[in-house]
Amino acid sequence: MYFLKIFTPIAIAIFLIIFDYKFSYLNNLRQSVVTLISPIYLVVSLPSKLYTWINEQGTSKDQLLNDNQSLNNELLKLKVRFQQVDALALENKKLNSLLESSYTLQKNSFTVARIESVTRSRLKKQIVINKGSNDNLKVGQVALGSNGVLGQITQITPINASILIASDPTQFVPIKNVRNGIQGMSQGVAENKHQLLVKFIEPESDIKINDIFVSSALGSKFPNGYPVGRVTHAEQRKNESFMYVTLEPIQQIHNLEFVVILDDL
């Protein structure tokens, strides 16, 4: 009797397997059973699918952030390089020297740094960036923004550097007028607003409102041909040896986040 209880289910199972294999009569039944239990498979596999989805979302976000940062850095470098194109187009009389300068600049490498703090008091106008001597930066290197000359590194630590911006009253930048080549020296103004005075412009010189002054390589302190300021006022005052000329800095710092440090002049 015990043997019959064991043998009967086995025989039925073998019969059903052979019957289904030969005639496929159980396909509909099997499909129905699979359909009924499919929600169970879904519930069981849900944690694994959820974990995979969360992991993919985190990876995608990090990748997008990294790609966005890389693109921003490349865009900033390209904008800095293209600044000199305007100077080359407007200064046809000095085309050869500008072409030489452009060729030299193409060899330069850049360091992109983030601004960590800004000091904009009446007598001190500087920024601190998040890179220093550990990144091969040195005192005297020129800092550029996306629109023009920003300033020059004056202090450095292994992890930070201080940049004295062009509108600081102790900062002097050799400059020249893009339109006619008149040269001078810009100096920051001891005021809370950002403004530049142009020194040593000869009396009755051809200076007009909205003229653009760019950096000059005179003295090998700054690279040639980068925008510095736009003329906002020009007059010849009585009993003055030189013209009184003021500039608005082309590179503003109120919305600046990254700077480019030029490795070599």
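Contact here means heavy atoms within 4.5 Å. The structure shown is a predicted model.

**View 1. Contacts of Val245.** Leaving out residues up to four places away in sequence, Val245 touches Leu196, Leu197 and Val198. Val245 also touches Ile207, Val231, His233 and Ala234. Val245 is among the residues with the most contacts inside the largest nonpolar core.

**View 2. The largest nonpolar core.** This core has 25 residues. Ile175, Ile207, Val245 and Leu247 have the most contacts inside it. Several elements each supply at least two of its residues: α2 (27-90), β1 (110-120), β3 (142-144), β6 (172-177), β8 (196-199), β10, β11 and β12 (258-262). Strand β12 gives the most, with three residues. In soluble globular proteins, nonpolar side chains tend to be buried together.

**View 3. Another core.** Apart from the largest core lies another one, of 15 residues. Ala113, Ile115, Ile153 and Ile163 are among them.

**View 4. The barrel that includes β12.** Six strands form a closed barrel in the order β1-β2-β5-β4-β3-β12. Their pairing is antiparallel. From one strand to the next, the twist averages 45 degrees. Strands of a sheet pair through backbone hydrogen bonds, either parallel or antiparallel.

**View 5. The β2 and β5 pair.** Strand β2 spans residues 125-129, and strand β5 spans residues 161-165. The two run antiparallel and are joined by four bridges. Which residue of β5 is the bridge partner of Val128? Ser162 takes that place.

**View 6. The barrel that includes β10.** Here six strands close in the order β6-β7-β8-β11-β10-β9. The pairing is antiparallel in this barrel. Direction ignored, neighbouring strands of this sheet are turned by 40 degrees against each other on average.

**View 7. Strand β10 and its partners β9 and β11.** Strand β10 covers residues 227-235. Three bridges join β10 to strand β9 (residues 212-215), and the two run antiparallel. Within this pair, Phe213 stands opposite Gly229 of β10. How many bridges link β10 to strand β11 (residues 244-249)? There are six, again in the antiparallel sense. Across this pairing, His233 stands opposite Thr246 in β11. His233 is also one of the residues touched by Val245. Both β10 and β11 supply at least two residues of the largest nonpolar core.

Notes. Residues are numbered from 1 along each chain as its sequence is written. This is a predicted model: local features need pLDDT of at least 70, side-chain atom pairs count only at pLDDT 80 or more; totals for chains, interfaces and linings use all residues. Side-chain values use heavy atoms; hydrogens and water are left out. Two strands pair if DSSP finds at least two bridges between them. Axes are lines fitted to C-alpha atoms, for helices over the stretch in contact, and angles run from 0 to 180 degrees between N-to-C directions. A nonpolar core is a set of buried Ala, Val, Leu, Ile, Met, Phe, Trp, Tyr and Cys residues joined through side-chain atoms within 4.5 Å. Buried means under 20% relative accessible area, exposed over 50%, partly exposed in between (1.4 Å probe, protein chains only).
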